[in-house]
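Please open the structure in your viewer, with the sequence panel beside it, and keep a way of selecting residues by number at hand. The tour below goes from one selection to the next and says what is to be found at each stop.

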Amino acid sequence: MTLRVTGKVVTPTGVIRQGCVEITNGRIRAVAEYPSVRDGHWILPGFVDMHTHGGGGHTFTTGDAGSAREAAAFHLRHGTTTLLASLVSSPFPLMRDATTAFRPLVESGVLAGVHFEGPYLSADRCGAQNPEFLRDPSVDELTELIELGGGAVRMVTLAPERDGALDAIKLLVSRGVVAAVGHTDATWEQTRAAVAAGASVGTHLFNGMRPVHHREPGPVVALLDAPNVVCELVADGVHLHDGMLSFATSVAGPERAALITDAMAAAGMPDGEYELGGQAVTVAGGVARLSRDGAIAGSTLTMDAALRHAVAAGVALPDACRMVATTPARAIGLGDRVGALQPGLRADLVVLDDDLNVVRVMRGGDWVE
């Protein structure tokens with residue numbers, strides 16, 4: 001049985017104003033012109049969030065499988081059909097337990113993998129990461145996690161200036177895990193060395209990084225300048241000024257700029273008191289900050305809201321579409337499965353109205369209730 005979804009179809013090469021996506025057995029069979037369509041909704045590929053800590057009142061950071069299922073279901077309703085479960089800096093036993101708990105969710109397709117944001121990060125640039133748990137990278141720890149995960153561990157963020165970081169990056173890349181640079185006080189040279197060792201993602205560019213200086217460009221410039229590095233951007237008007245979002249997008253291009261949520265449990269929830277990595281977080285006006293010092297503590301963003309914000313900031317819709325789907329999918333090694341409306345890929349799509357609000361979500365050829 002073939003299902004047809006019609007409207008303004010956004011493909012990697014542009015927009016088919018009168019378009020149709022044909023779906024058979026959970027996969028896209030064809031994307032084509034459909035002249036009988038009149039003023040349909042926008043049809044985009046399902047969003048791919050490579051960095052999120054939770055949402056809908058649920059978190060990934062404790063390693064609880066039930067909470068992870070609920071957080072993934074919350075983001076699915078907002079169009080995110082593929083996501084990594086991001087943890088924060090934690091003791092090794094929690095990292096190990098989370099890997100064990102999340103592996104079945106990865107194998108069943110609820111999650112696309114696990115992302116360890118830390119604990120191998122800079123104390124000077126830790127942001128909302130718990131300084132109590134920060135430490136130098138451990139090849140032994142990483143090897144155990146990778147083997148325990150059986151393919152579930154997909155990305156690790158670390159600071160390249162820490163002792164042992166380059167060896168850790170080389171290990172990760174050799175085992176098929178994405179190495180990301182983030183929460184770092186590294187110099188331009190140290191960041192370049194990390195990229196040369198195989199790091200291929202910049203974790204929420206600008207945030208938790210040594211700022212740019214004309215005599216010491218630091219990690220931001222090194223990452224933006226590296227042709228094989230995808231730069232994460234949090235498009236919520238809080239983490240980045242819209243001018244900086246526009247600037248970074250213009251430098252990296254939509255093929256190297258990926259929108260992420262960096263969302264925590266408070267996404268989709270009322271203002272109030274929450275927790276992240278053992279630290280108290282206060283959400284006011286939709287902005288999450290550590291209660292102790294006011295540091296930004298993730299976001300309350302969803303991917304559909306990130307898309308709307310980027311478009312309002314001047315990013316063309318086809319480019320923004322690549323930034324929420326195609327580019328992050330490729331960055332985490334899933335570009336041959338998801339991230340675009342192309343024949344052969346999984347039938348993940350989001351139907352949006354003209355204000356870019358979610359109307360319907362499809363995952364694997366099935367409409368989400």
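Which residue stands opposite alanine 180 in β12? To find out, select strand β11, residues 178-181, together with strand β12, residues 201-202, which pair in the parallel sense over two bridges. The residue across from alanine 180 is valine 201. Please bear in mind throughout that what you are looking at is a predicted model.

**The whole chain**

Now select everything and switch to a cartoon view, in which the secondary structure comes to nine helices and 20 strands. The radius of gyration is 19 Å, close to the 21 Å that the globule rule gives for 369 residues, so the protein is as compact as a globular protein of that length. If you turn the model along its principal axes, the C-alpha atoms fill a box of roughly 60 × 45 × 45 Å.

With a surface switched on, you are looking at an accessible area of about 14000 Å², of which 50% belongs to carbon and sulfur atoms. Of the 369 residues, 56% count as buried. Among the contacts with a separation of 6 or more, 68% are between residues that lie 24 or more positions apart in the chain. If you colour by charge, there are 29 positive and 41 negative charges to find, and the mean positions of these two groups are 6 Å apart.

**The parallel sheet**

Return to β11 and β12, and add the other strands of their sheet, which is an open one of eight strands in the order β5-β8-β9-β10-β11-β12-β13-β14, with parallel pairing. Strands β5 (47-52) and β14 (257-260) stand at the edges, and each has a single partner strand, so one side of each is left without a neighbour in the sheet. As background, strands of a sheet pair through backbone hydrogen bonds, either parallel or antiparallel.

**Three loop residues to inspect**

Before the next selections, it helps to know that most residues other than glycine have a negative phi, and that most peptide bonds are trans.

Select glycine 118 and proline 119, and look at the bond that joins them, which is a cis peptide bond with an omega of about 15°. Proline 119 is found in the loop between β9 (113-117) and α3 (139-149).

Next, select histidine 183, in the loop between β11 and α5 (188-197). This residue has a positive phi of about 45° although it is not a glycine. Is its side buried or exposed? Histidine 183 is buried, because its relative accessible area is 5%, and the cut-off for buried is under 20%.

Then move to aspartate 262, whose place is in the loop between β14 and β15 (272-276). Aspartate 262 also is a residue other than glycine with a positive phi, near 55°, and its relative accessible area of 5% means that it is buried.

**The mixed sheet**

Hide the parallel sheet and show the open sheet of seven strands, whose order is β3-β2-β1-β4-β18-β19-β20 and whose pairing is mixed. Its edge strands are β3 (27-33) and β20 (366-367), each of which pairs on one side only.

Start with β1 (residues 2-11) and β4 (residues 42-45), which pair in the parallel sense over two bridges, with valine 9 opposite isoleucine 43. From β4, step across to β18, where four bridges join the two strands and the direction is antiparallel; here leucine 44 stands opposite valine 350.

Pause at β18 and show its side chains, since both faces of this strand are covered: Leu349 and Val351 on one side, and Val350 and Leu352 on the other, are all buried.

What is the bridge partner of valine 350 in β19? Select β18 (residues 349-352) with β19 (residues 358-363), which pair in the antiparallel sense over four bridges, and you will find that the partner is valine 361. These two strands form a hairpin with five residues between them, and leucine 356 in the turn has a positive phi of about 65°.

The last stop is the step from β19 to β20, which run antiparallel and are joined by two bridges. Arginine 363 has aspartate 366 as its bridge partner in β20. Here too the strands form a hairpin, with two residues between them, and glycine 364 in the turn has a positive phi of about 60°.

Technical notes:
Residues are numbered from 1 along each chain as its sequence is written. This is a predicted model: local features need pLDDT of at least 70, side-chain atom pairs count only at pLDDT 80 or more; totals for chains, interfaces and linings use all residues. Side-chain values use heavy atoms; hydrogens and water are left out. The radius of gyration is taken over C-alpha atoms; the globule rule is 2.2 Å times the number of residues to the power 0.38. Buried means under 20% relative accessible area, exposed over 50%, partly exposed in between (1.4 Å probe, protein chains only). Contact means heavy atoms within 4.5 Å. Accessible areas come from the Shrake-Rupley method with a 1.4 Å probe; for residues, only the protein chains shown count as cover. Lys and Arg count as positive and Asp and Glu as negative; His and the chain ends are not counted. The place of a charge is taken as NZ of Lys, CZ of Arg, CG of Asp or CD of Glu. Two strands pair if DSSP finds at least two bridges between them.
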